[in-house]
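The following points are offered as a colleague's note on the structure shown below. They take up charged pairs, strand pairing, backbone geometry and the main pocket in turn.

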Amino acid sequence: MEKKVKWSWSSAIIGAASAVAASAILSAKPKDPTFHLISISFTSFKLNLPLLDADLLLTVHVTNPNIVPINYSAATMSIFYHGSLLGSAQVQAGSQPPRSCQLLRLPARLNGLQMAQHAVTFVSDLAKREMIIDATVDIGGTAKVLWWDHSFMIHVDSHITVDPVFLDVIDQENSSELEVFAPSA
């Protein structure tokens, strides 16, 4: 004797929609976040005989275009001038909601000795009112998708042209490369 099963279109539609949503979440390709330097400001000078080190505050606009929130660990950004390490900026650990923008304020210190080694080039840049600085940072973190934490590493390279007199950002090229690792247990 056969048992008759009652068919329900609403259950079938809800099941199909749930399957499509779960498939979209699991197979969504992560997008690279974007980074833009908004401003640079001097906060202080530190006497480092016989020179002065400069403390700065970098304001960076970060966009997370992904559909999941992220948590990231602290990192150190390296700042270069004509190929030499000029200083560093500290990225504090934090988090960012999905599809959001936020401003990060990064304390930085520039080494006076390194700047002195490029004194002739720096004076030329002052006269032109155009100084080219490169920066690089690797930031690790996790993004939670459903029940699993996915670890990631993002590498950011920045090529920035600033006015060394007024510290205005004239131009910038930023590139980021995101690598996502298998879910951790």
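1. A salt bridge is taken here as a side-chain nitrogen of Lys or Arg within 4 Å of a carboxyl oxygen of Asp or Glu. The model is a predicted one, and a search of the whole structure finds four salt bridges. Side chains of opposite charge can pair when their charged atoms come close.

2. Asp55 and Arg109 form one such pair, with an N to O distance of 2.6 Å between their side chains. The two residues belong to distant parts of the chain, Asp55 lying in strand 2 (residues 51-64) and Arg109 in strand 7, 54 residues apart. Asp55 counts as buried because its relative accessibility is 11%, under the 20% limit. Arg109, at 37% relative accessibility, is partly exposed.

3. Asp55 also meets the side chain of Lys46 in a salt bridge, at 3.9 Å from N to O. Lys46 is partly exposed, its relative accessible area being 36%. Lys46, Asp55 and Arg109 are thus to be read as linked in a network of salt bridges.

4. Which strands frame this network? Strand 1 (residues 34-48) and strand 2 run antiparallel and are joined by 13 bridges. The hairpin that connects strand 1 to strand 2 passes through two residues. Within this pairing, Ser44 stands opposite Asp55 of strand 2. On the side of Arg109, strand 5 is joined to strand 7 (residues 100-110) by three bridges, again in the antiparallel sense. Arg109 in strand 7 is the bridge partner of Ser88.

5. A further salt bridge is formed by Asp163 and Arg129, with the closest N and O atoms 2.4 Å apart. Asp163 lies in the loop between strand 9 (148-162) and strand 10 (169-184), and Arg129 in the loop between helix 3 and strand 8, so the pair ties together parts that are 34 residues apart in sequence. Asp163 is buried, at a relative accessible area of 5%, whereas Arg129 is partly exposed, at 36%.

6. The loop between strand 9 and strand 10 also holds Leu167. Its phi is near 60°, a positive value in a residue other than glycine. Most residues other than glycine have a negative phi. Leu167 counts as buried, because its relative accessibility is 16%.

7. His82 likewise deserves inspection, as its phi is positive, near 50°, and the residue is not glycine. His82 is placed in the loop between strand 4 and strand 5. In the hairpin formed by these strands, two residues stand between the strands. Strand 4 (residues 75-81) and strand 5 (residues 84-91) pair in the antiparallel sense over seven bridges, and Ile79 stands opposite Gly87 in strand 5. His82 is partly exposed, at 48% relative accessibility.

8. What does His118 touch, leaving aside residues up to four places away in sequence? Its contacts are Tyr81, His82 and Ser84. His118 itself is found in the loop between helix 2 (112-117) and helix 3 (119-128). Is His118 buried or exposed? At 16% relative accessibility, His118 counts as buried.

9. Ile132 lies in strand 8 (residues 131-145). Leaving out residues up to four places away in sequence, Ile132 touches Phe80, Tyr81, His159, Ile160 and Thr161. Ile132 and Pro164 are separated by 32 residues in sequence and by 9.4 Å in space, C-alpha to C-alpha. With a relative accessible area of 39%, Ile132 is partly exposed.

10. The largest pocket has a volume of about 630 Å³. It is lined by 37 residues, and those closest to its centre are Leu56, Leu58, Ile79, Leu110 and Ile133. What classes of residue make up the lining? There are 29 nonpolar, seven polar and one charged residues. Ile79, named among the residues closest to the pocket centre, is also the residue that stands opposite Gly87 in strand 5.

Terms used. Residues numbered from 1 in each chain as written. Predicted model: local features only at pLDDT ≥ 70, side-chain atom pairs only at ≥ 80, totals over all residues. Heavy atoms only, no water. Helix = DSSP H or I, 4+ residues; strand = E, 2+ residues; numbered from the N terminus. Buried < 20%, exposed > 50% of the residue type's maximum accessible area, 1.4 Å probe, protein only. Contact = heavy atoms within 4.5 Å. 1 Å grid on protein atoms, 1.4 Å probe; cavity = no way out; pocket = protein on both sides within 12 Å on 5 of 7 lines; lining within 4 Å. Points joined across faces, edges and corners; volume = space filled by probe spheres on them. Nonpolar A, V, L, I, M, F, W, Y, C, P; charged D, E, K, R; others polar. Pairing = 2+ DSSP bridges.
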